[in-house]
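The following paragraphs are meant to be read with the coordinates open, moving from a bound ligand to the protein interior and then to one whole chain.

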Amino acid sequence: MSEKILTLVNLHKSFGDLEVLKGVSFSLEKGEKIVILGPSGSGKSTVLRCINRLEKINHGQVFFKDEEITSQTKLTRLRMNIGMVFQRFNLFPHKTVLENVIEGPVHVKGMPKKEAIPFAESLLKQVGLSDKRDVYPKQLSGGQQQRVAIARSLAMKPDILLFDEPTSALDPELVGEVLDVMKELADEGMTMIVVTHEMQFARDVADRVIFMDEGVIVEEGTPDVIFTSPKHERTRSFLKRIIH
Amino acid sequence: MKLDYSIIIDRIPNLLWGCLVTLEISLAALALGMVIGIVLALFRISSVKPLKAFSMAYIWAVRGTPLLVQLFILYFGLPQLGVELSSMTAGILGIGLNTAAYISEIIRSGIIAIDSGQMEAAESLGMSYPKAMIRIIAPQVMRIIAPSLVNQFIITLKNSSIASLVTITELMRAGNQIIYATFRSFEVYTVVALLYLIMCSALMVLSKYVEKKLDTDNV
Ligand SMILES: Nc1ncnc2c1ncn2[C@@H]1O[C@H](COP(=O)(O)OP(=O)(O)OP(=O)(O)O)[C@@H](O)[C@H]1O
Ligand SMILES: [Mg+2]
């Protein structure tokens, strides 16, 4: 048994009267890759956002390693250890690619620039964008922006990376380049939670697939089990819709 | 009576001195207005109810009353409560506090215009709220609001003429004093107007430059 790196216990989240998460629990081992599937509005993004507390949790607990994340100082450490990649990239438009990538290490961790720049350059090389280091985000394609965003997250040397539909804002021909980078990360042993509709990616990369609907986990299992013999009708009908 | 601008020539130094005082009041008021305006804008967007309410009430009161009345309360009203302000202090304070309300609205509109994903991206790196505000949000806000800010600077510069009514010898009052001595209202006021025009034009040129700079920039 390898160590649990993240544990969610009975998460509840409401926006006003709308109960979006109705008791979500799961845990993640180091190096594990989870793909979360589910129809629009089922609460997938909200789960990710509750993990790093971009949303306040109404009820329930988040444990990072063995420590419950409650206080603000712990929250900062949690966020430094959990990277997030957004659907809409959210690069800092007033900063160059390189400045985007070193922002976290230099201004959150206090790494000297001398160290951060070569490190950032190596990350840009990893995502295939060495030649873009001095360019501004708006001069990049969506796929390139998303790869910079991944490099920016990696620059914090996170233990876990969260991806919220990282390819769904991209033109179809740009999806592949981002998925390739993510697959490489997976191969290197990064712990990942990915919300995506890319079924092939889920099959190739996920250790476990979680299917959510209406704020609860309907079922979870290996990609094989979920894709070929899902137990629940809701999972079946969702997969049918997604695949055809 | 024929127009005769020659009598003003001698008194040009008085008017130029007035210009300097006008600039002094305006700049000091703007600096004060910026600082308080930023604080008010942060209060306004904060989730702390009393701060939000204070900011809203402040802006409401300032925008709903004439600057002249506000200034008179500070200069003529406060002494009754035992607070004596020099005319310069009252002038700068009055115009600054007034400008702050408008600047805070400009800043707030700029902050609202920034995609919420920017703050989230910063926070997800572990950045604190104040640091994210300064490093990520503020530079983007500045780019958006620069034209409106310069516009507000122009308004404040012109509004500073009201300080003449609390006995500050800025440009307007310097002009008035010449008129008391010469009875040449038309000539003096047109020259005063011209001097305001020159100062404001400098700001307009600055505004055009800033806009152009932002246009060609990468954001
Ligand atoms: N800030 C918010 N305020 C109010 N309601 C919200 C907010 N964020 C999300 N919701 C609602 O919560 C529900 C779940 O949203 P969430 O974004 O988690 O769904 P999702 O599974 O990620 O969907 P999608 O596939 O469309 O991204 C939706 O009904 C959404 O409208
Ligand atoms: Mg979502």
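In this predicted model, a good place to begin is ligand 1, whose shell draws at least two residues from each of two elements of chain A, strand E2 (18-29) and helix H1 (44-51). H1(A) gives the most to this shell, with three residues. The residues around the ligand are A:Phe15, A:Leu18, A:Val20, the run A:Pro39, A:Ser40, A:Gly41, A:Ser42, A:Gly43, A:Lys44, A:Ser45 and A:Thr46, and finally A:Glu165. By character, the shell divides into four nonpolar, six polar and two charged residues.

Oxygen atoms of ligand 1 take part in several polar approaches to the protein: one is 3.2 Å from a polar backbone atom of A:Ser42, and one is 3.0 Å from a backbone N or O atom of A:Gly43, while the side chain of A:Glu165 places an N or O atom 3.1 Å from an oxygen atom of the ligand. Of the 630 Å² of accessible area that ligand 1 has on its own, the protein covers 61%.

From the ligand, the path leads into the interior. In soluble globular proteins, nonpolar side chains tend to be buried together. Here the largest nonpolar core has 71 residues, and those with the most contacts inside it are A:Leu6, A:Phe26, A:Ile36, A:Val47, A:Ile51, A:Ile193 and B:Leu15. The largest share of this core, ten residues, comes from helix H7 (residues 129-159) of chain B. A second, separate core of 52 residues includes A:Leu123, A:Leu140, A:Phe163 and A:Ala206. Leaving aside residues up to four places away in sequence, A:Ile193 touches A:Leu6, A:Phe26, A:Leu28, A:Ile34, A:Ile36, A:Leu48, A:Ile51, A:Leu161, A:Leu162 and A:Phe163.

Helix H2 (residues 72-81) of chain A offers another view of burial, with A:Leu75, A:Leu78, A:Arg79, A:Met80 and A:Asn81 buried. The cover over these residues includes H1, strand E4 (59-64), strand E6 (82-85) and strand E7 (160-164) of chain A, together with helix H6 (116-124) of chain B.

Chain B itself has nine helices and zero strands, and its C-alpha trace spans about 70 × 50 × 25 Å along its principal axes. Of its 219 residues, 45% count as buried. Among the contacts in chain B with a separation of 6 or more, 74% are between residues 24 or more positions apart. The accessible surface of chain B comes to about 11400 Å², and carbon and sulfur atoms account for 69% of that area.

Definitions and conventions: Residues numbered from 1 in each chain as written. Chains lettered and ligands numbered in written order. Predicted model: local features only at pLDDT ≥ 70, side-chain atom pairs only at ≥ 80, totals over all residues. Heavy atoms only, no water. Near = heavy atom within 4 Å. Polar contact = N/O pair within 3.5 Å; in protein donor to acceptor, adjacent residues only side chain to side chain. Areas by Shrake-Rupley, 256 points an atom, 1.4 Å probe, with all protein chains shown as cover. Helix = DSSP H or I, 4+ residues; strand = E, 2+ residues; numbered from the N terminus. Nonpolar A, V, L, I, M, F, W, Y, C, P; charged D, E, K, R; others polar. Core = buried A, V, L, I, M, F, W, Y, C linked by side-chain atoms within 4.5 Å. Buried < 20%, exposed > 50% of the residue type's maximum accessible area, 1.4 Å probe, protein only. Contact = heavy atoms within 4.5 Å.
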